[in-house]
Amino acid sequence: MITVFTNADFISFNEDNITYSVMVVNGKDIAYLGYNIPMCYDDAKVVGLGGKAVIPLANDKLCLTCRRAECSVLAQGERADFAVVDKNILKDSENLKVLEVYIHGKKKD
């Protein structure tokens with residue numbers, strides 16, 4: 001299943017900390033990060049994230065330990081693909097809250 005996520009700061013965590021405005025997920029893989037939705041994804045499901053920020057996430061250690069964030073969504077040691085947080089951590093990492101996580105392209109309830 002292909003999902004296009006928009007209306008968020010998608011933080012790449014590459015060496016330049018580039019932030020994108022569109023992310024396409026195909027199953028559990030990030031297929032595209034960019035600034036516009038490519039035409040080949042015109043029929044994909046689109047999810048707007050309401051201006052939040054998105055970070056790649058291997059497990060709860062990134063958000064709990066490295067960023068001192070509140071995360072009640074993941075169990076200890078549980079893995080996820082990415083997390084939606086309440087602010088752009090490149091601008092402000094204090095009192096960060098994880099709002100939701102996605103596992104294999106689907107929001108965890």
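## Burial and surface

In this predicted model, buried residues account for 39% of the 109 residues in the chain. The accessible surface of the chain amounts to about 6,200 Å², and carbon and sulfur atoms contribute 47% of that area.

Among contacts in the chain with a separation of 6 or more, 51% are between residues 24 or more positions apart.

## Secondary structure and sheet order

The chain contains one helix and seven strands. Read from the N terminus, the elements follow the order β-β-β-β-α-β-β-β.

The seven strands form an open sheet with mixed pairing, in the order E3-E2-E1-E4-E5-E6-E7. Its edges are strand E3 (29-34) and strand E7 (106-107), each of which pairs on one side only. Strands of a sheet pair through backbone hydrogen bonds, in either a parallel or an antiparallel arrangement.

## Two antiparallel pairs

Strand E2 (residues 19-26) runs antiparallel to E3, and five bridges join the two. Within this pair, Asn 26 stands opposite Asp 29 in E3. E2 and E3 form a hairpin with two residues between them. One residue of the turn, Gly 27, has a positive phi of about 70°.

Strand E5 (residues 82-85) and strand E6 (residues 98-103) are likewise antiparallel, joined by four bridges. Here Val 85 stands opposite Val 98 in E6.

## Nonpolar cores

The largest nonpolar core has twelve residues: Phe 5, Ala 8, Phe 10, Tyr 20, Met 23, Val 25, Val 47, Leu 49, Val 54, Phe 82, Val 84 and Tyr 102. At least two residues of this core come from each of strand E1 (2-11), E2, strand E4 (45-56) and E5. A second core, separate from this one, has eleven residues, among them Ile 11, Ala 53, Leu 57 and Val 101. In soluble globular proteins, nonpolar side chains tend to be buried together.

## Contacts of Leu 49

Leu 49 is a member of the largest nonpolar core. Leaving aside residues up to four places away in sequence, Leu 49 touches Phe 5, Thr 6, Asn 7, Ala 8, Phe 10, Val 54, Val 84, Glu 100 and Tyr 102. Of these partners, Phe 5, Ala 8, Phe 10, Val 54, Val 84 and Tyr 102 also belong to the largest core.

Conventions. Residues are numbered from 1 along each chain as its sequence is written. This is a predicted model: local features need pLDDT of at least 70, side-chain atom pairs count only at pLDDT 80 or more; totals for chains, interfaces and linings use all residues. Side-chain values use heavy atoms; hydrogens and water are left out. Two strands pair if DSSP finds at least two bridges between them. Buried means under 20% relative accessible area, exposed over 50%, partly exposed in between (1.4 Å probe, protein chains only). Contact means heavy atoms within 4.5 Å. Accessible areas come from the Shrake-Rupley method with a 1.4 Å probe; for residues, only the protein chains shown count as cover. A nonpolar core is a set of buried Ala, Val, Leu, Ile, Met, Phe, Trp, Tyr and Cys residues joined through side-chain atoms within 4.5 Å.
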